[in-house]
Amino acid sequence: MYARGCLTGMTDSPRSLETLLAQGGHFIDSETGAIVPPIHPSTTYARDERYALIGYGYSRSGNPTCGHVEAVLAELEGAEEALVFASGLAGVATFFDTVRTGERVVAPRVMYHGAADWLRRLAERRGIEVAFFDAAAPDGLETEVRAGATAVVWIEAAVNPTWDVIDVRAAADIAHAAGAVLGVDATATPAVTLRALDLGADIVFHSGTKYLAGHSDVTAGVLATRVADERWEDVKLARTLMGGVLGAFESWLLLRGMRTLHVRYERQAANAMAIARHFERHPKVEAVLYPGLESHPGHAVAKRQMTNGFGAMLSLRVAGDAEAAKRVATRTRLFVPATSLGGVESLIEHRATVEGPHSVVPPNLLRVSVGIERADELIADLEQALA
């Protein structure tokens, strides 16, 4: 039904990530000429005269709209294949379903709390050994990885929400030397600034809800693989058996959001840098956690592996205790006190409250997701809230 590049002859021409995203993969409907793909809500698909599947079989394994966005994601990440899921945690759970009882998983002590909670659940119920390392320590990861026993090393290129920076290439070397695969949660560092597979990762993960979709109106997860190996086939089977596939309409929304990812991300990263610089030495801010600042301990690594800005996420450690931080979060007028990140609107949250009893986040930390509003107005809003 789709003819890639049939109007411009771009099929075999090299194209930038900006062009790939803006054109939504440049799939054009060969029947109508439509440049926006249709939504295929069908749950089942017919067979031909030989009773062979014509294309898809049943929507729990995928559908054409889902396949379209997966093809664009695979090209975006430089992956052999990509899969989309009904949520980010659905993708995380499906991937870790491939880890067997007795095997070891190594992950950061500070990380996305949903994934950390899932790993603790696996450790309690499945007999999987989970070790958490200190991402701020120079040898934190290497200390916890055991050759022959570690199956998966899971990292975040920028650790949520302290924004410590992990060297992806170095982590890949450590993981592979131990016989493990490296999975990278790149939710906060999308491929327009960091391509984890190019740096040696085996699997890259995104909560597609965040920067990829970008408009706070769709829940989605993404896994992409450097090589479609036996583990990847297991992931595909697990997604089908658990029913975690992304729906057709949500797949369409994800693709639509991705078409503006590059320009959104550039504006958001520029705004974040302006905010970080303004508050770096503010009397009512104990610390600004943002890898774009030269004072950040991970700045050099971030500069080396992030090619298009330092991200649009930062955290402020407010002078005072948890209550002081929460008061600031509830007094903003432009920043919305809500949980999520990557949308066009700016959000602020008291992270320890959101993460719950397992949180190891400092009690005075506010996580800030910077949107595409005017930077000076966002700065003024934080100033009045702190005052």
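**Exercise 1.** In this predicted model, determine in which sense β13 and β14 pair and over how many bridges.

*Solution.* β13 and β14 are antiparallel partners, joined over 4 bridges. Within this pairing, Leu347 lies opposite Ser369 of β14. On its other partner, β12, the register can be read from Val336, whose bridge partner in β13 is Leu347. β12 and β13 run parallel, with 2 bridges between them.

**Exercise 2.** Establish the strand order of the open sheet and identify its edge strands.

*Solution.* The sheet has 5 strands in the order β10-β11-β14-β13-β12, and its pairing is mixed. β10 and β12 (336-337) each pair on one side only, which makes them the edge strands. Further inside the order, β11 pairs with β14 (residues 365-369) in the antiparallel sense over 5 bridges. Here Leu314 stands opposite Val368 of β14.

**Exercise 3.** Decide whether the two faces of β13 are covered or open, and name a helix that packs on the sheet.

*Solution.* Leu347 and Glu349 point to one side of β13, Ile348 and His350 to the other; all four are buried, and both faces are thus covered. Helix α11 (residues 322-331) packs on the sheet and touches β11, β12, β13 (347-350) and β14. The direction of α11 makes about 160° with that of β13.

**Exercise 4.** Compare the span of helix α9 with its expected value, then describe what covers its buried residues.

*Solution.* α9 (residues 261-279) contains 19 residues. From first to last C-alpha it reaches 27 Å, close to the expected 27 Å. Its buried residues include Leu261, Tyr265, Met273, Ile275 and Phe279. Among the elements covering them are α8 (248-258), α13 (375-386) and the strands β10 (285-289) and β11 (313-318).

Definitions and conventions:
Residues are numbered from 1 along each chain as its sequence is written. This is a predicted model: local features need pLDDT of at least 70, side-chain atom pairs count only at pLDDT 80 or more; totals for chains, interfaces and linings use all residues. Side-chain values use heavy atoms; hydrogens and water are left out. The expected span of a helix is 1.5 Å times one less than its number of residues. Buried means under 20% relative accessible area, exposed over 50%, partly exposed in between (1.4 Å probe, protein chains only). Contact means heavy atoms within 4.5 Å. Two strands pair if DSSP finds at least two bridges between them. Axes are lines fitted to C-alpha atoms, for helices over the stretch in contact, and angles run from 0 to 180 degrees between N-to-C directions.
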